[in-house]
Amino acid sequence: MSINKSAINHHYIKDINEVRPGFGHQTFGRLLKKRLIKDTDENLVFSIMYNNHRSEVHLMAPNKRVRDLWITGLQSLIDRHARKSQRDLIHEENWILNYFRAADKDKSNSLSKRECRKLLTESLNVKVPDDIFERLFEKADKSQEGLLSPEEFCDFFHLLAQRKDLYEIMKKYTKNGHTQSMDTIHMNVNELLSFLRTVQNQKLLINITTDNGQNKIISKIEKPEQVKKLIDEFELDKEFRDKSQLGLDGFRNMLLSNDFDIVKPLCSRQIYQNMTRPLCDYYINTSHNTYLFYSQLSGDSNPEAYNRALLAGCRAVELDCYDGHNGKPIVTHGFTLVKPCSFESIIRYMEPNLFKKSPYPVILNIENHCSIEQQKEMARILREILGDRLVTGPLPNKDSKVLPSPEDLKYKVLIRSRKSTKTAKRNSTTPLEDDDDVFSELLSNNVQHDPSELFVYLQNVSYCDNDYAKTHYSPWHSSSLVENRFEKITRDNPSSLILQTTWRIIRTYPAGFRHDSSNADPVNAWNYGIQMAALNYQNKDDVMPLCYGKFLDNGGCGYILKPKYLINAYETHYDPLNPKLNLDFPQILTLTIISAQFLSRSNLTTLDIPDPYVRISIHGLPCDQQTQKTKVISNNGLDPIWNEKFSFRIKYPKMALVYFSVYDYDAFTPDDKLAHFCLPLTMMQTGYRHIHLRANNNDPTHSTLFVHVDIEDDDDNILCTRL
């Protein structure tokens with residue numbers, strides 16, 4: 001096999017999602033079938049997945065040693081890139097000089113003022129006032145020739161990137177700070193210790209090795225020795241470092257590091273919640289029609305869509321199964337133009353990624369339209385590929401009256417499906433809704449098969465009111481609700497729905513009219529205790545960040561413990577529409593949106609410099625939902641400064657998500673979203689914090705938002721009822 005070098009040269013390390021050894025892609029299955037490769041070639045081949053698993057390159061090496069070197073080298077580059085933050089790039093000369101080379105059109109190895117101005121507007125997204133530009137250019141132009149050499153341009157860039165907002169903060173917390181310049185200002189050990197204790201309330205996540213393996217603990221910063229270690233880590237200027245002082249650049253480096261950003265490291269980097277409760281007590285990260293990459297009506301069913309969802313933290317995926325040719329079941333969206341994929345290839349190619357992101361159970365939601373014979377084939381495939389990870393019987397020594405816990409089901413796969421299904425003809429012209437929500441009396445008995453060993457815990461049944469369900473259903477009976485029926489139930493009989501989520505699992509999914517793969521707001525479902533709010537992962541809409549934010553918690557393991565007042569709804573009489581109930585500890589969130597750094601344009605084709613503003617929205621119970629936004633800053637995507645303060649009173653903090661969106665204002669067309677970040681209120685660190693923003697497809701960016709966070713009890717709202 002030859003390697004198309006031109007196909008490889010145009011892929012960036014940042015775009016690679018996975019490097020996969022062996023025959024781990026369906027392309028190799030086709031090549032084997034055509035006898036273009038041999039079974040013995042598995043140790044020679046590997047695949048590079050990029051563009052969110054939508055594209056791939058497949059390569060064959062001359063021997064296993066060369067193949068393994070490629071895989072190891074690529075993985076090392078990917079890992080190194082993933083660890084890079086804005087603070088690393090600012091000091092990376094090659095990254096800075098890439099801008100220089102792109103602007104040096106005449107290849108003179110120098111930049112004139114005109115070229116430098118053009119670079120600022122076209123590449124760094126900022127229109128610098130004339131007086132400031134002249135001052136910075138003159139300071140960097142050591143040769144006084146009116147041109148910047150590569151070394152001088154690096155100096156110019158660093159001058160441009162100096163943080164005026166951080167300088168103001170340092171002046172406030174440093175003795176005689178108002179008399180010091182940006183170059184000379186610094187904090188000594190005692191000043192930095194005081195800042196970290198009183199302003200930041202800073203804690204660090206420390207890895208320790210115990211007899212049971214590695215654990216993480218939270219440590220408060222209380223001693224000068226801890227501060228000296230921080231200075232040694234973040235201060236790059238030797239003169240400052242030797243005196244145990246932290247200068248402006250070191251201060252920026254520290255505040256840009258992971259321990260100091262807005263997300264509590266205890267919550268995001270380890271599984272800290274109680275994982276021994278029944279499954280119904282958790283929100284579960286759930287995907288709808290997982291096999292699709294694009295719309296609901298066309299495209300291919302693709303195993304890589306499952307890998308993308310699993311590696312993004314999803315723990316419940318969906319397969320719509322139909323009879324295929326030659327007795328082989330297929331996965332497709334029935335009665336559409338979606339091209340099918342074999343059921344076996346999906347199970348086989350997603351199997352290696354089932355537990356890479358999380359050790360907790362994966363739920364295969366199977367919408368079953370297959371005949372008896374092909375149901376048997378599905379069962380055979382599942383047992384053969386998943387082996388003892390597939391749950392095929394009750395767990396020993398467990399209470400049969402309650403669902404098992406995520407801890408009980410570590411590294412296990414559960415099947416969620418009906419025990420019977422209706423006969424469906426693939427060539428029918430009648431559209432078929434997801435049949436999870438169809439009443440059982442409409443089901444045909446002529447396709448009964450007994451695959452009960454596959455459906456032990458999550459057998460799909462029709463949704464009925466709580467009185468009927470308590471009499472006729474067990475905790476292993478699960479129901480699905482299409483979004484419009486879910487909304488009707490929340491209007492007509494919400495308490496029945498909430499109570500059922502305390503002992504069995506309910507799933508919601510988008511309505512059939514969402515052909516564009518748009519999503520319903522999952523917050524509404526979570527407010528009613530719904531464990532599985534299924535979302536179209538392929539969409540880049542404003543809803544998906546809510547899902548990514550929600551499941552950022554608990555180490556990103558895909559299972560989030562519900563608040564006690566939802567778990568114990570029988571006793572608390574929880575009602576999301578009753579603002580008079582007092583079941584949480586109300587808080588006041590005060591946010592100061594200070595500045596942003598290195599904002600990108602909304603797309604690669606526009607020539608407009610961003611005019612950014614920030615929108616902050618609270619998503620939770622209806623009484624807490626609110627939105628505020630900053631003013632617009634004109635022509636500055638590099639370092640806009642707002643310094644605007646906003647206050648939010650939040651009655652149910654445990655249910656609240658805080659969603660930051662940065663938009664580019666346009667007077668004539670809808671404003672484009674430049675970047676975003678969402679997280680639970682309970683995960684926010686107080687003090688001065690950077691927010692590492694995400695692109696619209698949730699990829700990491702080097703853009704940041706800088707804010708001050710204050711959270712205090714809302715004494716006016718705190719009454720005596722507490723859990």
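Buried residues account for 56% of the 723 residues in this protein, and the model in question is a predicted one. As for secondary structure, the chain carries 24 helices and 28 strands. The radius of gyration comes out at 28 Å, close to the 27 Å that the globule rule gives for 723 residues, so the protein is as compact as a globular protein of that length. Taken along the principal axes, the C-alpha trace spans about 90 × 75 × 60 Å.

A few whole-chain numbers fill in the picture. Of the contacts with a separation of 6 or more, 70% are between residues 24 or more positions apart. The accessible surface adds up to about 32,700 Å², and carbon and sulfur atoms own 49% of that. On the charge side, there are 91 positive and 93 negative charges, and their mean positions sit 3 Å apart.

Helix H10, residues 189-199, gives a good look at local packing. Its buried residues are Val189, Glu191, Leu192, Leu193, Phe195, Leu196 and Val199. An α-helix has 3.6 residues a turn, so residues three or four places apart point the same way. Val189, Leu192, Leu196 and Val199 are among the residues buried in H10. What do the buried residues of H10 pack against? The partners are a mix of helices and strands: helix H9 (164-173), helix H11 (224-234) and helix H13 (248-256), together with strand E6 (186-187), strand E9 (246-247) and strand E27 (687-694). Both ends of H10 have something to show. At the start, a side-chain oxygen of asparagine 188 comes to within 3.1 Å of the backbone nitrogen of asparagine 190. After the helix comes asparagine 201, with a positive phi near 45°.

Single residues tell the story at a finer scale. Histidine 676 is part of strand E26, residues 672-680. With a relative accessibility of 2%, histidine 676 falls under the 20% cut-off and therefore counts as buried. Beyond its neighbours within four places in sequence, histidine 676 is in contact with Pro545, with Tyr659, Phe660 and Ser661, and with Leu693, Arg694, Ala695, Asn696 and Asn698.

Leucine 621, by contrast, is a loop residue, placed between strand E22 (612-619) and strand E23 (626-629). Is leucine 621 buried or exposed? Its relative accessible area is 1%, so leucine 621 is buried. Setting aside residues up to four places away in sequence, leucine 621 touches Asn527, Tyr574, Pro576, Tyr652 and Met655. Proline 579 is 42 residues away from leucine 621 along the chain, and the two C-alpha atoms are separated by 9.1 Å.

Glutamate 377 belongs to helix H17, residues 372-386. This glutamate counts as buried because its relative accessibility is 13%, with the cut-off set at under 20%. Once neighbours within four places in sequence are left out, the contacts of glutamate 377 are Gly327, Lys328 and Pro329.

Serine 112 sits in strand E4, residues 111-112. A relative accessible area of 21% makes serine 112 partly exposed. Where residues up to four places away in sequence are not counted, serine 112 touches Phe137, Gly146 and Leu147. For serine 112 and leucine 147, the C-alpha to C-alpha distance is 4.8 Å, with their positions 35 residues apart in sequence.

Key. Residues numbered from 1 in each chain as written. Predicted model: local features only at pLDDT ≥ 70, side-chain atom pairs only at ≥ 80, totals over all residues. Heavy atoms only, no water. Helix = DSSP H or I, 4+ residues; strand = E, 2+ residues; numbered from the N terminus. Rg over C-alpha atoms; globule rule 2.2 N^0.38 Å. Buried < 20%, exposed > 50% of the residue type's maximum accessible area, 1.4 Å probe, protein only. Contact = heavy atoms within 4.5 Å. Areas by Shrake-Rupley, 256 points an atom, 1.4 Å probe, with all protein chains shown as cover. Lys, Arg positive; Asp, Glu negative; His and termini not counted. Charge placed at Lys NZ, Arg CZ, Asp CG, Glu CD. Polar contact = N/O pair within 3.5 Å; in protein donor to acceptor, adjacent residues only side chain to side chain.
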